[in-house]
Structure formats: C-alpha cells, structure tokens
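Reader: I am new to this structure and would like to go through it slowly. Could you take my questions one at a time?

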Amino acid sequence: MRLDTYFTPGELKPADLIGRTAVIFDVLRATSTMVEAIANGAKSIIPVATVDEAVRLGQNLDRTTTLLCGERMSQRIEGFDLGNSPAEFNTGNVGGKVLIMRTTNGTVALLTSVAARRVIVGSLLNLGAVARAVVDDGGDCVIVCAGREGQFALEDAVGAGLLALRIKERVGRRVKMNDATAAALVLARRYGKAITRMMRSTAAGRQLIDAGLRDDFAFCADVDRHGIVPELREREISI
C-alpha cells in the first residue's frame, strides 16, 4: 500500500488521484460537521464551492426537506439554515434532510478530489472507521488536507498523521509514503495527546475563539465518536 499526503488541495494533480482512495480532512470544521450530520440522520450532503451555487441549488429542491448550510469567516452565512458548528447538526435539525453545504475550505477540497476512485470524508470523529475502510480496501490512498485559504493548516496535518498511524498499525512495514506523510506522522506524535490544546493554538482555532465558537473544539477533537464512513459519490455524500 502507498499512502501519500497533500497538505493543501492545490498540491494535487489529477494523476495523484486516479485509481486511488482519497480521504479528505477539514478538522476545523467541515468534515467533522459532515460526519456528525450523517451520524445524526442527515439523508445526504451536497458540497458546493460557492454561496451562489448553494442558493441556486436550494431553489430547485424541496425546501421543506433541504437545508442550506455553511460559513463565511466562521459565521453562518446570512439566510442559511445552519452554519458549520457540529453541535447544530443534531437529529432534530438534520434528521432525514438533504444538506447543501458550502464552507471556505472543506467543500472545495472534496470537490477537488472527485477524480479519485473513492472519496471518503475523514475527521477525528470517525478516525478508526476510516482507517479500517482504507486498509480493508487494500488500494493506495491519498490523504488530502483542506488547509486554510490555500495554506498549510496544522490541525489537518495532525489529523492526516493520526490516520497514517492507525493505518500503519494495521498494515505495518508494507506502507510506502511520501515525505508529507512522514512529516504528518511526526506532527501526530507531537500533538496527538493534546488535540484540543493544539486546535486552540492554530490560526483556524484562534478565529473560532474570536467568533465565540469555543464549544466546537470539543466536538472536533472527539476521536472515534462515530463508526461511520461517509463517501462522496456523484457529488453527494452519504453512507
């Protein structure tokens, strides 16, 4: 098995994805929120790249069963039903609903990776389930970090490293990796036992604190909270 990591979607080339499984991480907060939503009964999630696209798509779907979700600068987009905080995506709010979701980094990373044979929504919340799925699949894997506005994001790199550790525990020396995966492993060993503190220290974490969203850290750092593996198929995320 080969396990390559890319710290931003901009590093990817189409050839890096063909025939491989891609696992997308946006730890703070999009993929964490998506996993929480699907675990709490959301029918599916449609990721989009822009606010205008979300609004147009929403106009063509039944608004009694469809929710517009997303954030701009960490805050709920004006006129949208939900933002991007995992706690919002409880059973009462999202059960049985189709979610149209736009975020600054996470949905872009997912859409950038559609050329992969399989696209998995990864987070700390479903870390173990994703590791098992990748190992059971048996093929090569690409871990794509959403990053922050095109730049490196520590929390995503740590998530990638924690996933790589879980995979290596199962596969052993048979894992080949690029330098970015090796670096992610170092970061995971450095920060993996103090995840919430690490999150608070990052640029994304400081923005959440400024926005009054400190409670999101506990959700996003809750390792193995769920045993599900949401996947993006034909532009729609479900299990």
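Author: One term comes up early: a residue is called buried when its relative accessible area is under 20%, exposed when that area is over 50%, and partly exposed in between. Please keep in mind throughout that this is a predicted model.

Reader: With that cut-off, is Glu-231 buried or exposed?
Author: The cut-off for a buried residue is under 20% relative accessible area. Glu-231 has a relative accessible area of 10%, and therefore it counts as buried.

Reader: Which residue forms a salt bridge with Glu-231, the closest N and O atoms being 3.7 Å apart, and which network includes Glu-231?
Author: The network of salt bridges that includes Glu-231 links Arg-117, Arg-118, Asp-137, Glu-231 and Arg-233. Within the pair you ask about, the partner is partly exposed at 39% relative accessibility, whereas Glu-231 is buried. The residue whose side chain comes to 3.7 Å, N to O, from Glu-231 is Arg-233.

Reader: How many salt bridges does the structure hold?
Author: One of them joins Arg-76 and Glu-88 at 2.7 Å, N to O, and this pair links distant parts of the chain, with Arg-76 in strand 5 and Glu-88 in the loop between strand 5 and helix 3. Arg-76 is partly exposed at 45% relative accessible area, while Glu-88 counts as buried at 17%. Another is formed by Asp-222 and Arg-225, whose closest N and O atoms are 3.0 Å apart. For the structure, the number of salt bridges is 13.

Reader: Which element gives the largest share of the largest nonpolar core?
Author: The largest nonpolar core has 42 residues, and those with the most contacts inside it are Val-23, Leu-28, Leu-162, Leu-163, Ile-167 and Met-199. Several elements give two or more residues to this core, among them strand 2, helix 5, strand 8 and helix 7. The largest share, 10 residues, comes from helix 6.

Reader: How many of the 18 residues of helix 6 are buried?
Author: Helix 6 covers residues 154-171 and reaches 25 Å from its first C-alpha to its last, close to the 26 Å expected. Just after this helix, Gly-172 takes a positive phi of about 75°. Helix 6 is largely enclosed by the rest of the structure, because the number of its residues that are buried is 14.

Reader: Which strands do the buried residues of helix 2 pack against?
Author: In helix 2, residues 51-59, the buried residues are Val-51, Ala-54 and Gly-58. They cover an arc of only 60° around the axis, which means that they lie on the same side of helix 2. On the other side of the helix, Asp-52 and Gln-59 are exposed. The buried residues of helix 2 pack against strand 4 and strand 6.

Reader: At the start of helix 2, which residue has a backbone nitrogen that a side-chain oxygen of Thr-50 reaches to within 3.0 Å?
Author: This contact pairs a side-chain oxygen of Thr-50 with a nitrogen of the backbone. The nitrogen that the Thr-50 oxygen reaches to within 3.0 Å belongs to Glu-53.

Reader: Which backbone nitrogen does the side chain of Asp-16 reach?
Author: Asp-16 lies in the loop between strand 1 and strand 2, and its relative accessibility is 11%, so it counts as buried. Leaving out residues up to four places away in sequence, Asp-16 touches Tyr-6, Glu-11 and Val-142. At 2.7 Å, the side chain of Asp-16 reaches the backbone nitrogen of Lys-13.

Reader: Which residue has its backbone oxygen 2.9 Å from a polar atom of the side chain of Asn-40?
Author: Asn-40 lies in the loop between helix 1 and strand 3, and with a relative accessible area of 17% it is buried. Beyond its neighbours within four places in sequence, its contacts include Asn-90, Thr-91, Val-94 and Gly-95. The backbone oxygen that lies 2.9 Å from the Asn-40 side chain is that of Phe-89.

Reader: How far apart in space are Ser-32 and Phe-219, C-alpha to C-alpha?
Author: Ser-32 lies in helix 1 and counts as buried at 0% relative accessibility. In sequence, Ser-32 and Phe-219 are 187 residues apart. In space, their C-alpha atoms are separated by 7.9 Å.

Definitions and conventions: Residues are numbered from 1 along each chain as its sequence is written. This is a predicted model: local features need pLDDT of at least 70, side-chain atom pairs count only at pLDDT 80 or more; totals for chains, interfaces and linings use all residues. Side-chain values use heavy atoms; hydrogens and water are left out. Helices (H or I, at least four residues) and strands (E, at least two) are DSSP runs, numbered from the N terminus. The expected span of a helix is 1.5 Å times one less than its number of residues. Buried means under 20% relative accessible area, exposed over 50%, partly exposed in between (1.4 Å probe, protein chains only). The arc is that of the directions from the helix axis to the C-beta atoms. Contact means heavy atoms within 4.5 Å. A polar contact is a pair of N or O atoms within 3.5 Å; within protein, one must be able to donate a hydrogen and the other to accept it, and residues adjacent in sequence count only if both atoms are side-chain atoms. A nonpolar core is a set of buried Ala, Val, Leu, Ile, Met, Phe, Trp, Tyr and Cys residues joined through side-chain atoms within 4.5 Å. A salt bridge is a side-chain nitrogen of Lys or Arg within 4 Å of a carboxyl oxygen of Asp or Glu.
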